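Student: I have a model open and would like to talk through some of the labels attached to it. Could we go over how each one is earned?

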Amino acid sequence: MRMSRYFLPVLKENPAEAQIVSHRLMLRAGMIKQSSAGIYSWLPLGFKVLRKIENIVHEEQARAGHHAMQMPTIQSADLWRESGRYDAYGEEMLRIKDRHGRDMLFTPTAEEMITDIFRAHVGSYKDLPLTMYQIQWKFRDEVRPRFGVMRGREFYMKDGYNFDLTKEDALHAYNRHLVSYLRTYERMGLQAIPMRADSGPIGGDNTHEFLVLADTGESEVFYDSAVTDLTFGDRDIDYDDHAQCAAVMEEFTTKYARTDETHDEALFHEVPQERRKTARGIEVGQIFYFGTKYSEAMKATVQGPDGKPTPVHMGSHGIGVSRLLGAIIEASHDDKGIIWPEGVTPYHCGIVNLKQGDEEADAACDALYKSITALGLEPLYDDRKERAGGKFATMDLIGLPWRITVGPRGLKNGVVELTSRRTGESVEMAPEAAVQKIAEIYAQH
């Protein structure tokens, strides 16, 4: 992609309405535009990152053996009346009527819909276990939407649902989701800590939220600092192995880590004082086990091994895909702009031509662009006839992890400059070596 042909409406000034870093930088970098309170258009750069995050979620769900599907955004109120949640959910649910006067709603979550699908098509325990998920736009009518995509009314979310014959099997699904989420967040360059949480309107006794520590987080969190030393890394996990998944669950949830809703001061004081920490956290996902809450209410049963109808055990598992953009920026930025982790960057590197129109510089940039593209990577080439300072400022703002700078002076010596956005360090090297270095970096991602 060439900047001269790209739609990137960057802003030089900080928007007055933006209260936190991620909202400010997403607006300044031309990633989003507010349509109405808590509702945004996703412009090309923002949409590209959204898709990168979505693809990682899909890949890790597939790795765990879960099936992607798509359910309607508009649902019948009748399903929610079956579960008892239609009146109980609260004013966050947008309730509407269609032209025939039927009660409908814009879905904030889909436990009822997926249970209805399950009960219509699955009748035997032999068809279990089963986990299905979707990534879809949701709507919750927040009374005070704020902080950009961090607390909007319309948001993009992965919601998955497991169906199992027994509680033991359903708790394995719970553990399996925790493992897959740890992998997902680490691929995005995040450390998301699983914390014992409150189930809210979803219900159930077993639930963990995944929180990214950040000063702008809405949740107050209490934790043993030893949890921040845990990493999942490149472990080879068999998702069908109950013991393996349970061991990961134990490793990542035994040390104290709770949100303010479930905080236990007495337990917290059992943690050595030097490791007792309080902070703010951004919720980026949550997993639930709620047993037969929905299956009993909606008569979602299977024929068990004894031939008798048995309500299935269920859980639900969500990741805030659009919210993750804000969380990543909150965790990875400086005073110049965003710093994208390599796993989610919209473009793998930027190419800056210091003297657009110079025959040798133009040719060198074109050659770099073609070489990087041939590797299956995507460069963003700033081929505008702008001053070098303006080009550098734009690249720093939009946060591409690597930049290759090309100018007549360097080319006379046979070199270009490769710069790390995160460290600011620059190294001169031959153009071919810069391409090779970029290839080596992204081979790990």
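**Pockets, packing and a hairpin**

Tutor: Gladly. Bear in mind that this is a predicted model. Let's start with the largest pocket: E13 gives the most to its lining, with 7 residues.

Student: Which elements give two or more residues to the lining of the largest pocket?

Tutor: They are strand E8 (154-164), strand E13 (276-291), strand E16 (313-320) and helix H9 (321-331). The lining has 41 residues, and Arg140, Arg151, Glu283, Gln286 and Arg323 lie nearest the centre of the pocket. The volume is about 1,000 Å³.

Student: What makes a residue part of a lining?

Tutor: A lining residue has an atom within 4 Å of a pocket point. Arg140 is one of the residues lining the largest pocket, so it has an atom within 4 Å of a point there.

Student: How do the residues of that lining divide?

Tutor: Into 14 nonpolar, 15 polar and 12 charged.

Student: And the second largest pocket, which residues lie nearest its centre?

Tutor: Glu186, Arg187, Gly343, Gln444 and His445, out of 25 lining residues. The volume here is about 650 Å³, and the lining divides into 7 nonpolar, 8 polar and 10 charged residues. Helix H2 (44-63) and helix H5 (167-187) each supply at least two residues, with H2 giving the most, 6 residues.

Student: How are H2 and H5 packed against each other?

Tutor: Two packed helices are described by the angle between their axes and the distance between the axes. For H2 and H5, the angle is about 150 degrees and the axes are 9 Å apart. H2 passes H5 in a right-handed crossing.

Student: Why are Ile56 of H2 and His177 of H5 listed in the contact?

Tutor: Contact means heavy atoms within 4.5 Å. Ile56 and His177 are both among the residues that make the contact of H2 and H5, so each falls under that cut-off rule. Arg187 of H5 belongs to the contact too, and is also one of the residues nearest the centre of the second largest pocket. The contact residues divide into 3 nonpolar, 4 polar and 5 charged.

Student: Last one: how do you know that E5 and E6 pair?

Tutor: Pairing needs at least two bridges. Strand E5 (residues 94-97) and strand E6 (residues 103-106) are joined by 4 bridges, so they pair. The two strands run antiparallel, and Lys97 has Asp103 in E6 as its bridge partner. Their hairpin has 5 residues between the strands, and Gly101 takes a positive phi near 85 degrees.

Conventions: Residues numbered from 1 in each chain as written. Predicted model: local features only at pLDDT ≥ 70, side-chain atom pairs only at ≥ 80, totals over all residues. Heavy atoms only, no water. 1 Å grid on protein atoms, 1.4 Å probe; cavity = no way out; pocket = protein on both sides within 12 Å on 5 of 7 lines; lining within 4 Å. Points joined across faces, edges and corners; volume = space filled by probe spheres on them. Nonpolar A, V, L, I, M, F, W, Y, C, P; charged D, E, K, R; others polar. Axes fitted to C-alpha atoms, helices over the stretch in contact; angles between N-to-C directions. Left-handed = near helix turned anticlockwise from the far one by under 90°.
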